[in-house]
Amino acid sequence: IIPVLVLAVVIYGSFSLCDLYGVALAAIGFLANLATGLTIDVYGPVCDNAGGIAEMAELDPSVREKTDALDAAGNTTAAIGKGFAIGSAALVSLALFGAFVTRISNASG
């Protein structure tokens with residue numbers, strides 16, 4: 001519920017400061033961190049693959065324990081990354097829909 005509230009506050013604040021332009025700027029701010037978000041999302045599967053390779057190579061069991069701990073951390077970061085992606089998609093869709101409505105209202109007179 002906290003991410004939803006934060007997203008609502010961002011939308012309200014950006015809209016009250018700069019109207020639809022503020023929402024578009026907030027969306028661009030979210031999308032500017034897209035590379036970081038994607039990197040965070042990929043961390044878990046990379047650690048999981050490393051654990052599988054360690055197991056197939058019959059390495060010491062302590063190696064597998066370490067990769068399992070990293071995989072658990074990767075799952076947490078992937079969940080955070082997915083929330084970030086949903087938030088940025090919501091802001092971008094709101095900005096695009098607002099631009100569409102503004103364009104239609106200007107065209108219809």
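This report describes the main pocket of a predicted model, followed by the surroundings of Ser14 and Asp60.

## The largest pocket

The largest pocket encloses about 240 Å³ of space. Its lining is formed by Pro3, Val4, Val6, Leu7, Phe30, Ile80, Gly83, Phe84, Ile86 and Gly87. Two helices, H1 (2-32) and H3 (61-108), each contribute at least two residues to this lining.

In terms of residue class, eight of the lining residues are nonpolar and two are polar, while none is charged. Glycine counts as polar in this scheme, and Gly83 and Gly87 both belong to the lining.

## Ser14 in helix H1

Ser14 lies in helix H1, the helix that spans residues 2-32 and also supplies part of the pocket lining. Its relative accessible area is 11%, and Ser14 is therefore classed as buried, the cut-off being under 20%.

The side chain of Ser14 comes to 3.2 Å from the backbone oxygen of Ile11. When neighbours within four places in sequence are set aside, Ser14 is in contact with Asp19, Gly22, Val23 and Ala26.

## Asp60 in the loop between H2 and H3

Asp60 is located in the loop that connects helix H2 (34-56) with helix H3. The side chain of Asp60 makes a polar contact of 2.6 Å with the side chain of Ser62, a residue within the 61-108 span of helix H3.

Asp60 and Val46 are 14 residues apart along the chain, and a distance of 19 Å separates their C-alpha atoms. Val46 falls within the 34-56 span of helix H2.

Note on methods. Residues numbered from 1 in each chain as written. Predicted model: local features only at pLDDT ≥ 70, side-chain atom pairs only at ≥ 80, totals over all residues. Heavy atoms only, no water. 1 Å grid on protein atoms, 1.4 Å probe; cavity = no way out; pocket = protein on both sides within 12 Å on 5 of 7 lines; lining within 4 Å. Points joined across faces, edges and corners; volume = space filled by probe spheres on them. Helix = DSSP H or I, 4+ residues; strand = E, 2+ residues; numbered from the N terminus. Buried < 20%, exposed > 50% of the residue type's maximum accessible area, 1.4 Å probe, protein only. Polar contact = N/O pair within 3.5 Å; in protein donor to acceptor, adjacent residues only side chain to side chain. Contact = heavy atoms within 4.5 Å.
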